Amino acid sequence: MQAPSRVRSVGHFIAGKEQGDDAARFGDIYDPALGRVQSRVAFADDAVVESAVAAAEAAYPKWSRLPLGKRAEILFAFRELVKSHADEFASIVASEHGKIVNDAGGEVTRALEVIDFACGLPHLLKGELSESVSTNIDTYSLRQPVGICAGITPFNFPMMVPIWMLAPALAAGNCFILKPSERDPSASMLSARLLQQAGLPDGVLNVVHGDKVAVDALLTHPRINAISFVGSTPIAHYIYETAAKHGKRVQALGGAKNHLVVMPDADLDAAADAIVSSGYGSAGQRCMAISACVTVGDCAEPLMERIVERIKGLKIGAGHDASNDMGPVVTAVARERILGYIESGIKDGAALLADGRNIRVPGYEDGFFVGPTLFDRATTAMSIYRDEIFGPVLVNVRAKSLDDALSIVNASPWGNGTSIFTRSGAAARKYQNEVQAGMIGINVPIPVPVGYYSFGGWKASLFGDLHVYGPDSFRFYTRGKVVTSRWHESNAGMNLGFPTHK
Ligand code: NAD
């Protein structure tokens, strides 16, 4: 659908100014609840990306040398502005993404945690010093900014994920170019404006919008030194390969199929609450959503009953109404893809216990809604189990024992997050020790680490080594330097042997 010509346009943010009304290409931004175009976003070409890099380069010498306390002061001011604009962020996210406004508010809260941590930059950028590593010689290490860094982010957390990257990158003294999802770009524009208001010099953060054209220009640009990416696995893999080939450090977080194992001794009401919240919250469009249950022993029947009962009570509707539990999915294409998976689950013989295909939301008949859907007796060969559906579709696989459950989970190509519900400390310890995933929950459904730990998965859920936000992000966004120095009045003399500590 083409946007009407009067609609508001979202432009780029380069050198402190919004621009892009004259772009050659635009993308449509939908209101997913109404199923209608509400605005449009300018798409960047190589020249726009080049101007963002030039703005970042011009700002870099001053920003990277700014006293640490001054950088921290700007981040503290930004933190206060984000807090006071939390409702505005939540309403922007609800309108472009479709999630319920208080769920969007949770995203803002988690982003604030990441900013809080980044405000500790004077401490986080400390090096180490060893006195007298040899006679009159001291050695010390420094962490220096990487230079110009870029981030490419997904649609599903349009406010929080950009902050995961830009807060630590800026704190560490880098200049940053953000390419947010073209589906819901407005939250990033508000962040850019608030950072400017907080005192961030122009050019330190630039936002360019667009699709593969803009992304490729960033990945191949000779003066961009680091790329952070969050999105689907095939694109993460492409980003990792392409950016590495162009000499950049890369962290590329991919998709997921997160498993929740329920042991027969678990509190089944608590497990059912957790599964429904994490499986259907944000219409299943979270990289940490639980999309596969693994029920051990005889707990499948009573657990499925409890989940079905809870699904019946869920209220589906538009994101701006906080009394709703679940909103639409992001696009018509996503809706069709999800409906296709439900059809294939039925065809493959899984037991459909809740069917979200024919949901009708009065007043929002054209919205991209899919109701909560539950399959029991799925097998690991079925596409509803194998693929990341990224919608409100939960599948249950039955396992005989904890070992059986572990081998199912560990055979999955993904390893983002996983949880176990049990009353047994031994089972929980065995699970957290042997499961191959980056983030583990024990009687907790979505184990997203707090802002002072780091976030990342294993296997096809992350290409690269360092995780995002928290301590790892300060390693990713800095380069190490080790200085060996001798300050002494006397000459050490000539010695052609390899220096030793004697
Ligand atoms: P996506 O991979 O389609 O898009 C992510 C970004 O890549 C967007 O900015 C998009 O413009 C860009 N992009 C898309 N196609 C591209 C191409 N061919 N070449 C270059 N760039 C391209 O992901 P999405 O649909 O926006 O987000 C949902 C996905 O993100 C899910 O798979 C979800 O699991 C994943 N995700 C992962 C995490 C995590 O932390 N591991 C967090 C959030 C989302």
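**Figure 1. Residue classes in the lining of the largest pocket.** The lining of the largest pocket has 24 nonpolar, eleven polar and ten charged residues. The model shown here and in the other views is predicted. In total, 45 residues line this pocket. Its volume is about 1,100 Å³. Nearest the centre of the largest pocket lie F155, R183, G231, S232 and I235.

**Figure 2. Elements and domains around the largest pocket.** Helix α9 (233-245) is one of the elements that supply at least two residues of this lining. The largest share, five residues, comes from α9. Helices α8 (212-220) and α12 (332-348) each supply at least two residues as well. So do the strands β4 (25-31) and β11 (226-230). Two domains take part in the lining of the largest pocket. Domain 1 (8-254 + 461-482) gives at least three residues, and domain 2 (258-442) also gives at least three.

**Figure 3. The second largest pocket.** This pocket has a volume of about 410 Å³. Its lining is made up of 18 residues. Closest to the centre of the second largest pocket are S134, I137, A492, P499 and T500. Two strands, β6 (129-134) and β23 (478-486), are the elements that give two or more residues to the lining. By class, the lining of the second largest pocket divides into ten polar, six nonpolar and two charged residues.

**Figure 4. The largest cavity.** The structure holds four cavities of 30 Å³ or more. The view centres on the largest cavity, with a volume of about 110 Å³. It is lined by 17 residues. G284, A289, S291, F390 and G391 are the closest to its centre. Helix α10 (268-280) supplies at least two residues of the lining of the largest cavity, as do strands β14 (290-296) and β17 (393-399). Nine of the lining residues are nonpolar, five are polar and three are charged.

**Figure 5. Packing of helices α2 and α7.** Two packed helices are described by the angle between their axes and the distance between the axes. Helix α2 spans residues 68-84, and helix α7 spans residues 186-197. They pack at an angle of about 130°. Their axes are 9 Å apart. Angles over 145 degrees count as roughly antiparallel and those of 65 to 115 as roughly perpendicular; α2 and α7 are therefore oblique to each other. The crossing of α2 past α7 is right-handed.

Methods
Residues numbered from 1 in each chain as written. Predicted model: local features only at pLDDT ≥ 70, side-chain atom pairs only at ≥ 80, totals over all residues. Heavy atoms only, no water. 1 Å grid on protein atoms, 1.4 Å probe; cavity = no way out; pocket = protein on both sides within 12 Å on 5 of 7 lines; lining within 4 Å. Points joined across faces, edges and corners; volume = space filled by probe spheres on them. Helix = DSSP H or I, 4+ residues; strand = E, 2+ residues; numbered from the N terminus. Nonpolar A, V, L, I, M, F, W, Y, C, P; charged D, E, K, R; others polar. Domains from an automatic or database assignment. Axes fitted to C-alpha atoms, helices over the stretch in contact; angles between N-to-C directions. Parallel < 35°, antiparallel > 145°, perpendicular 65-115°, else oblique. Left-handed = near helix turned anticlockwise from the far one by under 90°.
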